[in-house]
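Thanks for making time this morning. I would like to walk you through one model, so please have the sequence and the structure open in front of you.

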Amino acid sequence: MAEERVEKNKIVTFVYTITDEAGEVLEQSDIPNDYLHDQDERMFPRVMEALEGHQVGDTVTVTLTPEEGFGHYDPSLTFSDDLKNVPKEYQRIGAEAEFRDDTGQAVTMRVTSIENGRIELDGNPPFVDRTVVFIINILGIRDSSAQEVDSGQPVEPAQTSKPTLH
C-alpha cells in the first residue's frame, strides 16, 4: 500500500532545526512535535506549504523571511518597570513571564535588560527581523479525529510509531 502523504487534515509528527542563513543553529527540537496540516495556526503557512505531499522519512528545508516567519520588531511589545515591582524569580536576564493582553491572548515576555533600577521585558519572538531556515524531519503521518479537525490542533500526544496504514 502507498505511503501516506502530508495533506489537509493529516496529523504530521516531526522534529526540526531552525538555523540562520549562514547555517548557525538557532533552535533545535529532537522531541517529536505534531500539527494538523493546513489548519493549525501554530504552524507557519509557508512551512505547511513546503511539507505538502511529503511522506514519512522526508527532510524538508524551507527558508522564511521575517514577513513569512517571526515578523518585524514591534516596540509596543516591550515593557519597562522599576525592578522593585518585579518578583525576584524574574529579576534575571532571560527570565520569561506570561502576561495576558486586553483581548486575553497570552504573550510571553523575556527579560532583556536590568540596569539603573529598571527592568526591560520584550514580547517579540526570539527570531524577529531574521530570515530563518527550518529543517523538518517527518516522523509520522496519521488521520486526524473529528475533535482535532474541530479544534484545529492535535489532541493526542505526538507519536513516533509507524503511521496508520489504511
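I will begin with the sheet, go on to a few single residues, and finish with the nonpolar cores.

Please keep in mind throughout that this is a predicted model.

Let us start with the sheet, which is open and is built from four strands in the order β2-β1-β8-β3, with antiparallel pairing. As a reminder from general chemistry, the strands of a sheet pair through backbone hydrogen bonds, either parallel or antiparallel. Which strands stand at the edges here? They are β2, residues 25-36, and β3, residues 59-64, and because each has a single partner strand, one side of each is left without a neighbour in the sheet. From one strand to the next, the twist averages 25°.

If you now look at β1, which covers residues 10-20, you will find that eight bridges join it to β2, with the two strands running antiparallel. Within that pairing, valine 12 has tyrosine 35 of β2 as its bridge partner. Proline 32 also lies in strand β2, and its C-alpha atom is separated by 9.9 Å from that of valine 12, the two residues being 20 apart along the chain. Is proline 32 buried or partly exposed? Its relative accessible area is 27%, and therefore proline 32 counts as partly exposed, since buried would require a value under 20%.

Glutamate 4, in the segment before β1, gives a contrasting case, because its relative accessible area is 12% and it is therefore buried. Its side chain makes a polar contact, at 2.4 Å, with the side chain of lysine 10.

That brings me to the nonpolar cores. In soluble globular proteins, nonpolar side chains tend to be buried together. In this model the largest nonpolar core has 21 residues, of which Tyr35, Val47, Leu51, Phe134 and Ile136 touch the most other members. Two or more residues come from each of β1, α1 (45-51), β3 and β8 (132-143), and β8 gives the most, with five residues.

Tyrosine 35, which we met as the bridge partner of valine 12, deserves a second look here. Leaving aside its neighbours within four places in sequence, tyrosine 35 is in contact with residues including Val6, Lys10, Ile11, Phe14, Asp40, Arg42, Met48, Leu51 and Pro154.

Finally, apart from the largest core there lies another core, of seven residues, and among them are Ala95, Met109, Val111 and Ile119.

Technical notes:
Residues are numbered from 1 along each chain as its sequence is written. This is a predicted model: local features need pLDDT of at least 70, side-chain atom pairs count only at pLDDT 80 or more; totals for chains, interfaces and linings use all residues. Side-chain values use heavy atoms; hydrogens and water are left out. Two strands pair if DSSP finds at least two bridges between them. Axes are lines fitted to C-alpha atoms, for helices over the stretch in contact, and angles run from 0 to 180 degrees between N-to-C directions. Buried means under 20% relative accessible area, exposed over 50%, partly exposed in between (1.4 Å probe, protein chains only). A polar contact is a pair of N or O atoms within 3.5 Å; within protein, one must be able to donate a hydrogen and the other to accept it, and residues adjacent in sequence count only if both atoms are side-chain atoms. A nonpolar core is a set of buried Ala, Val, Leu, Ile, Met, Phe, Trp, Tyr and Cys residues joined through side-chain atoms within 4.5 Å. Contact means heavy atoms within 4.5 Å.
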